[in-house]
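This report describes a single protein chain, from its overall layout to its core and surface. The sequence and model are shown first.

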Amino acid sequence: MEPDKGTSSKQLSELAYPLRLSGVVIGVLHLQSEELETFTSMGNEAILILADQIAITIKNAQLLTQTQRALQKAEIAGLQLTELAW
């Protein structure tokens, strides 16, 4: 992806953390800054916690989608059974 023409592409600090669930990498939290040494070791702990929370949120969203699809299928099956009974 190309940087916006109105923004600087100068990057002095960068940090990437894997988003993991049960030992499986499901994505990456990638942070960049135009300031030198933006990401300190103390801040890194907070970012690691944030990365874990993001991974959990992604998994929860996937589970919600799966549950909604299963519910839709169950509702359709119920309607079909009701129609057959009449």
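Which residue in E2 does Tyr17 stand opposite? In this predicted model, the residue in E2 opposite Tyr17 is Leu29.

## Overall layout

The chain contains one helix and two strands, arranged along the sequence in the pattern β-β-α. Of its 86 residues, 13% are buried. Among contacts with a separation of 6 or more, 39% are between residues 24 or more positions apart.

The accessible surface of the chain is about 7300 Å². Carbon and sulfur atoms contribute 58% of that surface.

## The hairpin

Strand E1 covers residues 13–21, and strand E2 covers residues 24–33. The two strands run antiparallel and are joined by nine bridges. Together E1 and E2 make a hairpin with two residues between them. Ser22, in the turn, has a positive phi of about 50°.

## The nonpolar core

The largest nonpolar core has seven residues: Leu15, Tyr17, Leu19, Leu29, Ile47, Ala51 and Ala55. At least two of these residues come from strand E1, and at least two from helix H1, which spans 41–85. The pair Tyr17 and Leu29, opposite each other in the hairpin, both belong to this core. In soluble globular proteins, nonpolar side chains tend to be buried together.

Leaving out residues up to four places away in sequence, Leu15 touches Leu29, His30, Leu31, Phe39, Asn44 and Ile47. Two of these partners, Leu29 and Ile47, are members of the core themselves.

## Asn44

Asn44 is located in helix H1. Is Asn44 buried or exposed? Asn44 counts as buried because its relative accessible area is 18%, below the 20% limit for that class.

When neighbours within four places in sequence are set aside, the contacts of Asn44 are Leu15, Tyr17 and Phe39. Leu15 and Tyr17 are both core residues. Phe39 is also in contact with Leu15.

## A nonpolar surface patch

Val24, Ile26 and Ile58 make up a nonpolar patch on the surface. Their accessible area together is about 220 Å².

Ile58 belongs to helix H1. Why does Ile58 count as partly exposed? The relative accessibility of Ile58 is 32%, so this residue falls between the 20% limit for buried and the 50% limit for exposed.

Methods
Residues are numbered from 1 along each chain as its sequence is written. This is a predicted model: local features need pLDDT of at least 70, side-chain atom pairs count only at pLDDT 80 or more; totals for chains, interfaces and linings use all residues. Side-chain values use heavy atoms; hydrogens and water are left out. A nonpolar core is a set of buried Ala, Val, Leu, Ile, Met, Phe, Trp, Tyr and Cys residues joined through side-chain atoms within 4.5 Å. Buried means under 20% relative accessible area, exposed over 50%, partly exposed in between (1.4 Å probe, protein chains only). Helices (H or I, at least four residues) and strands (E, at least two) are DSSP runs, numbered from the N terminus. Contact means heavy atoms within 4.5 Å. Patches are made of residues with over 30% relative accessible area and no salt bridge: like charges are joined within 9 Å, nonpolar side chains (Val, Leu, Ile, Met, Phe, Trp, Tyr) within 5 Å. Accessible areas come from the Shrake-Rupley method with a 1.4 Å probe; for residues, only the protein chains shown count as cover. A salt bridge is a side-chain nitrogen of Lys or Arg within 4 Å of a carboxyl oxygen of Asp or Glu. Two strands pair if DSSP finds at least two bridges between them.
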